Structure formats: C-alpha cells, structure tokens
Amino acid sequence: MATETLTESPRSQRFESHVAFDNIPLGESTEYNPISFTLNYRHAGFQFRRRHRTFMVGVDDNSYSDHALQWLLDELVDDGDEIVCVRVIETQVRLTDKAYQEDAKALMDSIQSKNTQNRAIGLVLEYAVGKLHNTFQHLIKIYQPSMLIVGTKGRSLDGVQGFLVNRSSFSKYCLQYSPVPVVVVRPNEKREKKKAKRAHDPSRQSYAQMLLGQPHEADSENSSVYELEPNLTPDEEAHRVAVAVGLPAAYDPTIKPIDPASLLKSFGRRSTPDVSKETLAIVSKGGLPAEKKSPDREDSDSDSEFEITAAQQELLKKQRLHNMEHNEGAALRAEGRKLSSGSADSDEDPPGGGGAKT
C-alpha cells in the first residue's frame with residue numbers, strides 16, 4: 001500500500017496487531033523470556049529491508065521520556081525500522097489483576113499517535129516487571145538493538161553534588177554499562193535555556209578573543225625552539241630540491257652556464273712570454289732550446305714540468321701496458337723463429353754426425 005493512501009486512513013487502522021505474549025503470570029524469567037507483557041504492532045506498509053535497524057527506547061510517565069520517544073520517531077527512524085519500547089514496573093503486580101494489560105494497550109496507543117510522519121515501522125512494547133537495570137540488560141541481550149535512546153531530566157551537576165544526585169540516574173548507568181551505543185536526549189527547554197545563558201554570559205569569550213589577550217609561545221624568548229626549518233634563500237632551496245629529486249642542472253639556479261666568449265676573451269688577454277734571440281736562432285736551425293731552471297726548482301723537475309690530471313695518468317698507464325704487451329709479443333716471436341731455424345738445421349745433418357768427407 002502506498003504511503004499516500006495510508007495517510008488518508010485513521011491512525012488506529014494504520015497499525016496491525018500481531019502475536020502478543022504474556023509471561024507475567026508465570027513469575028519466572030528465562031534466557032529469552034523476561035517477565036513481561038509483549039505487544040507487537042506493525043504499520044500496514046511495513047516491510048523488512050536489507051538495512052533494517054532496531055532501536056530500543058525507555059518509556060515511563062515522565063515528560064522527558066515522551067520527548068526522547070518523539071525525537072526518535074522524528075529524527076532517527078526510517079521506513080522498515082523497528083522500535084522496542086520498554087516500560088518497567090518495579091513494584092509487584094497482582095496476578096489476578098489484568099489492569100496491566102489495559103495500561104499496556106493504552107501506552108501502545110499513545111506511542112502510535114506520536115508517529116506523526118506516518119513512518120512504516122514496527123512497534124514492540126515490553127511491559128516488564130522487575131528491577132530496572134537488570135530488565136534492560138536482559139532485553140538488550142534478546143533484541144540486540146543498534147542503539148539505545150533514553151531521556152534525562154537535564155541536570156548537569158559536577159563534583160560531590162552531581163555524584164549524590166546522579167548516582168541513581170538511569171541515563172548515567174546506560175552510558176557506563178550499556179553494551180550498545182547510547183543516545184541521551186535532553187529536553188528542548190533545558191537545552192535552549194542553557195544556550196541562552198551561555199550567550200548572555202559577559203565573561204564568556206571566543207577562541208579568537210582568548211588569543212588576543214595572551215601572548216603566544218612563539219613570541220617569547222624561546223621562540224628559536226619553534227624554528228624547525230632554517231631560513232634559506234629561494235636559490236638555495238631550489239638547489240636542495242634539485243639535488244634530492246635528481247633534476248638536471250638546468251633546474252638548479254646555483255649552477256651557472258659557461259660562456260665560451262668569456263673564456264676566449266680571457267685566454268686572449270694572456271701575455272706572450274719573452275723569447276731571447278739565442279732561442280730563436282736555435283729553433284731556426286731545428287734544435288730545441290734548453291729549459292732554464294731556477295735554483296729553487298732544480299730538485300722538483302718532475303713536479304714542475306706540468307700538472308698531470310687523473311685522465312692523463314690513466315692514458316699513460318694504458319700506454320705502458322700496451323708497450324709491455326708489444327715487447328713481450330716481439331720477444332715471443334723471435335724465440336719462435338730461433339726454435340724453428342734450429343730444428344731445420346738438425347734435419348739436414350747426416351745421422352752419423354757432421355764431418356768432412358775424404
């Protein structure tokens with residue numbers, strides 16, 4: 001049945017009664033049967049869904065309990081959900097008196113009337129007899145709800161006064177010992193009153209105002225402790241990033257490109273050495289001039305002639321190895337020729353030895 005047609009029908013006809021249980025006359029509770037009178041009603045459009053949820057809420061004669069139930073119906077439940085309403089009577093009920101059944105049915109009618117948004121939900125009322133805390137723990141174990149919703153009087157006392165007043169608070173007990181998530185619904189008038197009181201408090205300050213009134217730790221003498229990164233120039237920072245990432249030299253501003261024109265220009269400015277006439281005459285005849293050595297550098301000729309770089313040393317080493325291999329190969333070839341010539345001479349001589357013929 002569509003929701004539009006359900007809204008046109010009276011509220012008493014929107015919910016259909018299902019199986020009910022009455023275990024109060026037995027007087028004993030089992031693992032899955034508490035001492036309670038159970039009523040089960042479902043909306044005419046109720047259907048089990050894959051995201052079906054079960055909520056448990058405590059109801060009694062107090063106004064904050066009605067507010068918690070109304071908040072649950074308006075803000076939390078959706079079509080296909082189920083609500084388990086628990087009413088606990090701690091006084092002993094007479095077995096011959098059936099007034100508790102009439103009280104439970106009247107309570108179920110009031111719960112159905114709070115469904116003002118016509119949610120297609122299921123309602124279960126557990127009208128139980130026993131201790132409040134133990135009964136709720138037993139029913140939570142049976143139904144395993146997704147969430148427990150309880151009301152509160154709205155008191156928020158601290159210190160010894162709060163301990164003495166709230167030590168028997170059921171909402172506080174649920175927050176401490178409930179095995180499922182708990183939502184404590186505070187009355188709107190209490191919440192609005194507390195909010196207005198905070199808004200008109202002259203001593204109340206915002207976070208920005210508190211920061212303006214007190215100096216920050218970074219502004220003190222020990223502010224150097226908070227300088228976790230050194231002050232770097234943009235070029236130095238770019239250089240460190242390029243080295244860490246492995247970028248080419250073009251991305252490093254500290255590496256400047258070489259200008260060939262400046263090198264040629266500086267090379268052209270070098271002064272030519274003074275050459276004597278004797279040296280020119282020796283060179284013209286095809287000879288080499290003798291090198292003039294100073295007295296201080298006579299003992300270090302090998303170090304002062306020229307500077308040998310690592311590449312030049314490697315080339316010299318390879319040249320020496322090549323010469324050694326060449327000489328060794330020539331020696332081996334000469335030895336081979338000598339051996340071959342000696343074997344040829346021995347083949348030409350007669351067997352009896354080499355002597356003159358008479």
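**Surface patches, core and salt bridges**

Tyr-251 sits in the loop that runs between helix 10 (234–245) and helix 11 (260–268); helices (H or I, at least four residues) and strands (E, at least two) are DSSP runs, numbered from the N terminus. The structure is a predicted model, in which local features need pLDDT of at least 70 and side-chain atom pairs count only at pLDDT 80 or more, while totals for chains, interfaces and linings use all residues. Residues are numbered from 1 along each chain as its sequence is written, and side-chain values use heavy atoms, with hydrogens and water left out.

With a relative accessibility of 55%, Tyr-251 counts as exposed (exposed means over 50% relative accessible area, buried under 20%, and partly exposed in between, with a 1.4 Å probe and protein chains only). Together with Val-241, Val-245 and Leu-247, Tyr-251 makes a nonpolar surface patch of about 400 Å². Areas of this kind come from the Shrake-Rupley method with a 1.4 Å probe, and for residues only the protein chains shown count as cover. Patch members have over 30% relative accessible area and no salt bridge; like charges are joined within 9 Å, and nonpolar side chains (Val, Leu, Ile, Met, Phe, Trp, Tyr) within 5 Å.

A second kind of patch carries charge. Lys-190, Lys-193, Lys-194, Lys-195, Lys-197, Arg-198 and Arg-204 form a positive surface patch. Here Lys and Arg count as positive and Asp and Glu as negative, with His and the chain ends not counted; a charge is placed at NZ of Lys, CZ of Arg, CG of Asp or CD of Glu. One member, Lys-195, belongs to helix 8 (residues 188–199). Lys-195 is exposed, because its relative accessible area is 52%.

Turning to the interior, the largest nonpolar core holds 29 residues, and Ile-83, Cys-85 and Leu-125 touch the most other members. Such a core is a set of buried Ala, Val, Leu, Ile, Met, Phe, Trp, Tyr and Cys residues joined through side-chain atoms within 4.5 Å. At least two residues of this core are supplied by each of strand 3 (36–43), strand 4 (54–58), helix 3 (63–76), strand 5 (82–89), helix 4 (99–113) and strand 6 (122–129). Helix 4 gives the largest share, five residues.

Charged pairs come next. Side chains of opposite charge can pair when their charged atoms come close. Searching the whole structure yields four salt bridges, each with a side-chain nitrogen of Lys or Arg within 4 Å of a carboxyl oxygen of Asp or Glu. In one of them, the side chains of Asp-81 and Arg-53 meet at 2.8 Å, N to O. This pair links distant parts of the chain, 28 residues apart: Asp-81 is in the loop between helix 3 and strand 5, and Arg-53 in the loop between strand 3 and strand 4. Asp-81 is buried, with a relative accessible area of 2%, whereas Arg-53 is partly exposed at 31%.

Asp-61 and Arg-87 also meet through their side chains in a salt bridge (3.3 Å, N to O). Asp-61, in the loop between strand 4 and helix 3, is 26 residues from Arg-87 in strand 5, and the pair again links distant parts of the chain. Asp-61 counts as exposed at 70% relative accessibility, while Arg-87 is buried at 12%.

For the salt bridge between Asp-78 and Arg-119, the closest N and O atoms are 3.9 Å apart. These two residues, 41 apart along the chain, connect the loop between helix 3 and strand 5, where Asp-78 lies, with the loop between helix 4 and strand 6, which holds Arg-119. Asp-78 counts as partly exposed, at 38% relative accessibility, and Arg-119 as buried, at 19%.

Several other loop residues deserve a look. Asn-118 is found in the loop between helix 4 and strand 6. Its phi is near 55 degrees, a positive value in a residue other than glycine, and Asn-118 is buried, with a relative accessible area of 7%. Gln-144, also not a glycine, has a positive phi of about 50 degrees. Gln-144 lies in the loop between helix 5 (132–143) and strand 7 (147–151) and counts as exposed, at 62% relative accessibility.

Ser-146 is likewise placed in the loop between helix 5 and strand 7 and is partly exposed, at 37%. Ser-146 and Phe-55 are 91 residues apart in sequence, yet their C-alpha atoms are 5.8 Å apart in space. Lys-153, in the loop between strand 7 and helix 6 (159–166), is partly exposed, at 48%. A distance of 7.0 Å separates the C-alpha atoms of Lys-153 and Arg-186, which are 33 residues apart along the chain.
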